[in-house]
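Dear colleague,

I am passing on the structure below, together with some notes on what turned up in it. Please look through it first and then read on.

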Amino acid sequence: MIKKLTLAALVAAASQAALASPNTSIIQFRGVVQGNTCDISVNGVTTPTPTTVTLADALAENLTKAGDTTGETDFDIELKNCSGPGTKARASFKGGNGTTVANGRLDNLASAGAENVQLELVHKFSGAGSAIAVDGDQSALPYVDIVGGAARLPYAIRYYATGAATQGPVEGAVEFTVAYQ
């Protein structure tokens, strides 16, 4: 009787061990590293050459209190000769060339520059435009369709008052990256 119980216990233990043994398998990863998908230019100047967008002169009287904006100047990031798997593109921005960013806007870098003035980047995808938080979360920015190997990403830059502005030059810079989907 003991031999039968022992044999039954061994069979039960062996079947439990078989059920509890780990299953293993393999996951393979594959991808492709591609070069630039499009030729990129800003207002007709091919990157990586830096581009200067010149804002219209602004009057200090239009920048008297925090939140006032003026002098909105449009510019485009243009994509041409696009190839590869991406059918949509968007740009993201971070402070560049020594520009510091406060509250998503570019601080004025100009020597003896206007005080209480920042530069605010705006996307123009839906017409009127919405501010872009430079160095912030830009995941809500829309992708633009690449059609016929080309796309236009419309933006603008404007003066933004942090208080009553004083006279003087205003300068800032952003670095941008184009992502494809």
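Which residues form one aromatic cluster? The members of this cluster are Phe 75, Phe 93, Phe 125, Tyr 155 and Phe 176. Please keep in mind that this is a predicted model, in which local features need pLDDT of at least 70 and side-chain atom pairs count only at pLDDT 80 or more, while totals for chains, interfaces and linings use all residues. Residues are numbered from 1 along each chain as its sequence is written, and side-chain values use heavy atoms, with hydrogens and water left out.

The structure holds 4 aromatic pairs (rings of Phe, Tyr and Trp, the last by its six-membered ring, with centres within 6.5 Å; planes under 30 degrees apart count as stacked, over 60 as edge-to-face and the rest as tilted). One of them is the tilted pair of Phe 93 and Phe 176, with 6.5 Å from centre to centre and 45° between the planes. This pair links distant parts of the chain, since Phe 93 belongs to strand S4 (residues 88–95) and Phe 176 to strand S11, 83 residues apart (strands are DSSP runs of E, at least two residues, numbered from the N terminus). Phe 93 is buried, at a relative accessible area of 4%, whereas Phe 176 is partly exposed, at 24% (buried means under 20%, exposed over 50% and partly exposed in between, with a 1.4 Å probe and protein chains only).

Phe 93 also appears in the largest nonpolar core, which has 30 residues and in which Ile 77, Leu 79, Phe 93, Leu 121, Leu 153 and Tyr 155 have the most contacts (such a core is a set of buried Ala, Val, Leu, Ile, Met, Phe, Trp, Tyr and Cys residues joined through side-chain atoms within 4.5 Å). The largest share of this core, 6 residues, comes from S10.

Phe 176, for its part, is among the residues closest to the centre of the largest pocket, along with Pro 50, Thr 51, Ala 173 and Val 174, out of 33 that line this pocket (on a 1 Å grid over the protein atoms alone, a pocket is an open set of points where a 1.4 Å probe fits, with protein on both sides within 12 Å along at least five of seven lines, and lining residues have an atom within 4 Å of a point). The largest share of the lining, 6 residues, comes from S11.

With best regards

Definitions and conventions
Helices (H or I, at least four residues) and strands (E, at least two) are DSSP runs, numbered from the N terminus.
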